[in-house]
Each structure stands twice: as C-alpha cells, then as structure tokens.
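Grab a pencil and open the viewer. Below are some short exercises, each followed by a worked solution.

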Amino acid sequence: MLFLQLIADGLVNGCAIGVVAITFTYVYTTTGVFHVSHAGVFTLGGYLAWYLSKEGIPFVLCVVLAMLICAAVGAAIEKGIYEKLLKRQATPLVQLIASLGLLAVLQNLVAILFTPNVLQFESIAWRMNVLHFGPIDLTIPQVLTVLTAFAAVYGLIYFSTKTNLGRRIRAVASNRTLAEITRLKPFEVYVYVMAISSALVVLPSVFIGLDQAMQPYSSVLVLLTAVIAVISGGLGSIRGAFSASLVMGIVQNAVLIVVPGRWSIALTFTLFIVFILFRPTGLFATKIRRAS
Amino acid sequence: MKLFSVAMAAALGILCHAIPSKAQEIVLGAVLPLTGPAAQIGLEEQQGVQFATDRINADGGIRGRKVKFIFEDSQGKPDQGVLAFNRLVDLHNTPSILTAYSSISLALAPLATRKKILVVNPAAQTNKLDDASPFLVNTIPLVRDEVEVMTKYAVAKLGKKAAILYENAAAGVDVRDDFKKAFEASGGTIVADEAIEFGSTNFRASLLKIAAAKPDFVFVGMTVGYPALADQVAQIPGFPIGVGTTFLRPIVGHPAAVGWFHSGIKSGMKPEDEAAFHKQFNVKEMTFFSREYANSAQIIFKLIDDLISKNKPLTGENLKAALFEIKTFESPTAKIVFNSNTAKREVEIFRATATGRELVQASVN
C-alpha cells in the first residue's frame, strides 16, 4: 500500500518535471540556448495564476491568462535578449550567463511584485480534495498534473509532426543555416518556440502550487532535475525527456522504501551518473540534432 | 571675489558644523534573510528591529545620539551572510550586528572573533552557537534546552514510540540529535527518521513513511514550510500528533494541527507597544520573531547607553564587557540573564486548539 502510494506520488512528480523537461529540450534543440531562465518563467506562471485567482477570476481563466502572459514573456526574452546576442555572435557560454542573470531578475521580480513568502492558492477550496483510486489517494491537483502533462507531451509531439509550423520548427532545429537559405525565418521560429514552451511550463507550476505551495526560489531544483532528465532521455527527444522524468520521479520516491528521505536525491543522481556512463546518448536516440 | 571667499568660508563652516552632528549617529547592523525561503521570518525580524529603533529615536536617541540600523540581506545563505557582515564592518564600522539563522550565525562566528564585533543572536538555536565565538551571544535558549523540556513531557503524556521529521540544516539536525538522545535515554524508540530539504514544500513521501511506521507522535524540527506541511498532513488519515519547539508555532491554527504540542520560550510585550507595532506595520500580530528582535535591539541600546555614560568607546569588546557586567536584562518581553554566552529563559509547553493554543505546562530552563 505504502509502496504503491509512493510510486503514484513519484509518477505525479515525474509528470510535473516532465513538462519542464520537454519544454526545455524544445527550446534547447531549436535555438541552441541553454535556457536556465525557463525556471524563472516557471515561477512567474505560478505566481500570475495565484494573483489572478486571488482577484476572483475563475481558475481555468487564470491558468489560460498566465499561459498567455508567460508566452509573451518567453517571446520577449527571445526577441530582446537571445536574438540580439546571437546576431552579435555571442558564444553559448555568454548566452548561458545572460540566461542565468535573467533567472535571478525574474525570481527577484516575482518576490518584489508578489511576495518572497511561501504562497498557497487559498481561494481554491477544491485543491485539498482527495480522489481514491483503490489503495491510492491523489489530490485533484495531482490528477490534473498527470492529465495536463500527458496532454502537453502528446500535444507537442502532434504539433511538431503534423502541423506546418511544427515541421518548420523541426527544419530550423535540424539546420539553421539551411533554414535561413530556404527562407524559413529561424529567428521568427525561435520566438514561436519560446512562446510555446513558456506557455506550457505554466501548467506544472500552477498545479504544484495548487497541490503544495510556491515560493520564488524553488524552481531551480525543478529545472536541474528536468535538465538531468533531458540528458538521460537523449538530447532533443521529447519522448525521451518525458520518459526519463517519469523514471526519475518514480525512482526518487520508490527508493524511500529502503533508504531514509535524505538519501533519495543523492541515490537518484548516483543512478543517473551510472546510467549515463553506460549510455552517454541517453535513453532515446536523437532524431533532431542542431547542426552547430 | 572677496564676497565669494566669505561665502565659501561660511559654507565650509556650516559643513564642518554638520559633520560632528552626523558623526553622533550610532550605526548598527543586522544580517537577516530578507529574500529567499526564510524571507517571511526575516521581514518579521526586520520589523522588530525597526520598531525598537524608531521608538528610541522618538525618545531622543541614546543620550541624544540617534540610532540607525543598516539591514543586509543574507538570503538565508551563509556565504551571503559573510559578505553582508564584511560590508557592515568594513564600510560602516558597526560595533554590533544582529544575526539570524543557525548556519549563517555559525559562519559569522569566526569573523566576530577576528574582528571583535559583538554578534547578537535572538532566534537561531543550533547548539553549536553556545561556544561558536566569545563575541557571539544568544538571547534565547538553544535547541537542547527546549527539546529537553518537550521530550520529558512527550514521554510522560504521549508514549514511547516516536518518529522524527526534520529540516536538513543546522537547527533541524540538532533537533533530531537532541531529541533522539533524550528520548532513547528515557527508554523511547525511534521508529522513523525522515529529513526534508530546507525550503522544500513537498513532504508527502516522508509523511507517508512516518504514518506507516505508526508512532505515538512525531517530533518536528522545521523552520519554514508549515502551511504546506499542514495541508499534506490533513490528506493522510490517522497521521500521528506532532510535537516540536518554538519553530512549530506557525502551524497552530490549522485544523490538521489541533492537539499538537510545541514548546515556547516565554516572551511578551506591553499591550500598548503591541498596538503601536500593529499601527506602524499594519500586521495582525507582533510575532515571536518581531518581539525577540525588538528586545535584542533594546539590549544593544542599553549596552551602548552604559558605554556612553562611562565615556568608553563603542567597540565590540566594550559592548561584550558591558553585557556581562550588566548581566540581567529585564523587559516586558523577558527577563534575560547572561551567565554564559547563552541566555537563561523560561520554556513553556502549549497545545494547539481549534481556535489557537493553550498553555499546558510552564517550566524554568
């Protein structure tokens, strides 16, 4: 019973990390930017939804509005920072440093605009309701985390493979120089990618906030775990990043049966190191790889 | 030209006159977590210090000299705390600094010794602070003093099978070690021992493990994250009663925590002062941290007053000497006696009720 519950909670955590991982890998594969300020957008999304819900706006509308605002923020980051840096021949290291700086700005902005305190969605009464699935209990936000995560991952795969814009994004990700020659407008594509990823990352942020609580500085560990999942899953693979996230979430919880909680993260990351030593390319072979 | 020279001389005269009055101001420092996971507590602490400072300045300052506190943000991190300490001492020459949080206070201790700065700790409780530096004084009892009182009560009233949930940081680890030692010495058994990371809001797996071990009670050693803890406890049917120290106080008032126990260091405030505090900061209550930091600031003011009255320079060494000379500091907040670097205070035990908390045992540390 305890084991099943731990596995179920691990699956939920894995789904939340999974959405961060697939959106991070989507940006990285296409733009080549190690977008660590994605963690800042993650935080901002949750706080925006919290603020809107506090103002009495219906919850679904809060989520949609937070996604739209974060999409705009993501697009602005690409247009205002990454694009300018790339046009000035900035190295990936410079882009990473700019992104780190932006993360600090976003986190502190959230703390100043809202509060640095731990926050909960107190106006949402149903967030505490528990659903029973046989021996497993899950809260409504946990169930929503799972459902929206699967919707996000399969939606992104569908978008990527079946729509014109999705295919255009893949073409740009595959070879930017060729995309420029064939007038696929890579910089425009990057803006779309950042907007889509920034909107999607709001989902786990809101549902984690609903289920537990939020504070402006906690997203870095979420992103770190997601990046490890991205590498384990195979850089550039959406399925790989999501699957690895699920495995990591479940393993992190399942090991608690045999070790105390303080060893959980260390043990999981040790397993990751061992895994990556044997399979450096990750779980899934990369189908989309940047040319440079 | 002559007129210009006269004007310049007059301006210089005014400036020279102004400089000594500026030098009269007494500058002190506080290194508090004003951002980061512990910011809520840090802001309460800052309000307490500001309250005490505003009051003494409104009364004309210390023997006519105004007091200014410079607040530096430690972000709850020892490395940032050290940078903040150096800024205060090197740039502002502060003879005394208020500190917060065990890990940060421990990081400041060697600097306090080296630079001879009186560091006053009104809230951090790790046992290591007892002898961390001859220049570091604690105005509240440490973890072991509170845990000892609480453990005796828990063994007598709740049972001999316990679990521990603690924050993986200096004070949390001390709570675990002290409770384990005291509880096992009383014949108790620890059936689960779970750590959570500082600033984390997901406790579910640890809580599930603790509930599955079926202890008589769980000893909680955390400093932040109580709203999320309370929510997640509420989702686990039959979760055992929680027991803890002063830091468990914020969980009181949550339905899931009714019947929980926590020890508390006896601390009060005059109703009129509390009303003035509410008015100044527009807050519901003057919390334990606000009270303790206001009181500790007042202790520093008293030391400064003593030194000025004796025409002694305001140095960390002199402030420390004055502290042990005065030894007893009595105020509406508490009677604080310094026989060593750690104050002696009364420790009480409270039980959380549906509407607040009730005193179940008073004790002297």
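## Exercise 1: A loop residue in chain A

Place T91(A) in its chain: T91(A) sits in the loop between α3 (59-87) and α4 (92-113) of chain A. Now decide whether T91(A) is buried or exposed.

**Solution.** Keep in mind that this is a predicted model.
- Step 1: count the C-beta neighbours of T91(A) inside 10 Å, and you get 9.
- Step 2: set that against the cut-off, where 12 or fewer means exposed. T91(A) therefore counts as exposed.
- Step 3: look across the chain to V33(A), which is 58 residues away along the sequence; the two C-alpha atoms are separated by 9.8 Å.

## Exercise 2: The overall build of chain A

Work out whether the radius of gyration of chain A agrees with that of a compact globule.

**Solution.**
- Step 1: list the parts. Chain A has 12 helices and two strands, and their order along the sequence is α-α-α-α-β-β-α-α-α-α-α-α-α-α.
- Step 2: take the length, 292 residues, for which a compact globule would have a radius of gyration near 19 Å.
- Step 3: compare. Chain A comes out at 19 Å, so the value agrees. Its C-alpha trace spans about 60 × 50 × 35 Å along the principal axes.
- Step 4: check the packing. Buried residues make up 51% of the chain, and among contacts with a separation of 6 or more, 78% are between residues 24 or more positions apart.

## Exercise 3: The same test on chain B

Repeat the globule test on chain B and describe how its residues pack.

**Solution.**
- Step 1: chain B is built from 11 helices and 14 strands.
- Step 2: for 365 residues the globule rule gives a radius of gyration near 21 Å; chain B has 23 Å, which agrees.
- Step 3: the C-alpha atoms fill a box of roughly 90 × 40 × 35 Å along the principal axes.
- Step 4: buried residues account for 53% of chain B. Of its contacts with a separation of 6 or more, 65% join residues 24 or more positions apart.

## Exercise 4: A strand residue and its company

Find V67(B) and say what surrounds it.

**Solution.**
- Step 1: V67(B) belongs to strand β2 (residues 67-73) of chain B.
- Step 2: with 20 other C-beta atoms within 10 Å, V67(B) is buried; the cut-off for that is 20 or more.
- Step 3: leaving out residues up to four places away in sequence, V67(B) touches I26(B), L28(B), T53(B), I56(B), N57(B), G61(B), I62(B) and F301(B).
- Step 4: try I300(B) as well. I300(B) is 233 residues from V67(B) in sequence, yet their C-alpha atoms are 11 Å apart.

## Exercise 5: Measuring up a helix

Test whether the span of helix α10 (residues 288-309) of chain B agrees with its residue count.

**Solution.**
- Step 1: at 1.5 Å a residue, the 22 residues should span 32 Å.
- Step 2: the end C-alpha atoms are 31 Å apart, so the span agrees.
- Step 3: see how covered the helix is. In α10(B), 16 of the 22 residues are buried.
- Step 4: step just past the helix, where N311(B) takes a positive phi of about 55 degrees.

## Exercise 6: Two domains, one chain

How many residues does each domain of chain B put into the contact between them?

**Solution.**
- Step 1: the assignment gives domain 1 (24-140 + 268-333) and domain 2 (143-265 + 347-364) of chain B.
- Step 2: their C-alpha centres lie 29 Å apart.
- Step 3: domain 1 of chain B gives 12 residues and domain 2 of chain B gives 13.
- Step 4: on the domain 1 side, helix α4 (residues 102-115) of chain B gives the most, with three residues. By class, that side has six nonpolar, five polar and one charged residues.

## Exercise 7: Where the chains meet

Which element gives the largest share of the side of chain B that touches chain A?

**Solution.**
- Step 1: 26 residues of chain B are in contact with 24 residues of chain A.
- Step 2: the elements of chain B that give two or more residues are α2 (39-58), β7 (189-196), α7 (204-213) and α8 (226-234).
- Step 3: α7(B) has the largest share, six residues.
- Step 4: by class, this side of chain B has 11 nonpolar, 10 polar and five charged residues.
- Step 5: the predictor gives the complex an ipTM of 0.80 and a pTM of 0.77.

Definitions and conventions. Residues are numbered from 1 along each chain as its sequence is written. Chains are lettered from A and ligands numbered from 1 in the order in which they are written. This is a predicted model: local features need pLDDT of at least 70, side-chain atom pairs count only at pLDDT 80 or more; totals for chains, interfaces and linings use all residues. Two residues are in contact if their C-beta atoms, placed from the backbone, lie within 7 Å. Helices (H or I, at least four residues) and strands (E, at least two) are DSSP runs, numbered from the N terminus. Ala, Val, Leu, Ile, Met, Phe, Trp, Tyr, Cys and Pro count as nonpolar, Asp, Glu, Lys and Arg as charged, and the others, Gly among them, as polar. The radius of gyration is taken over C-alpha atoms; the globule rule is 2.2 Å times the number of residues to the power 0.38. The expected span of a helix is 1.5 Å times one less than its number of residues. Domain bounds come from an automatic or database domain assignment.
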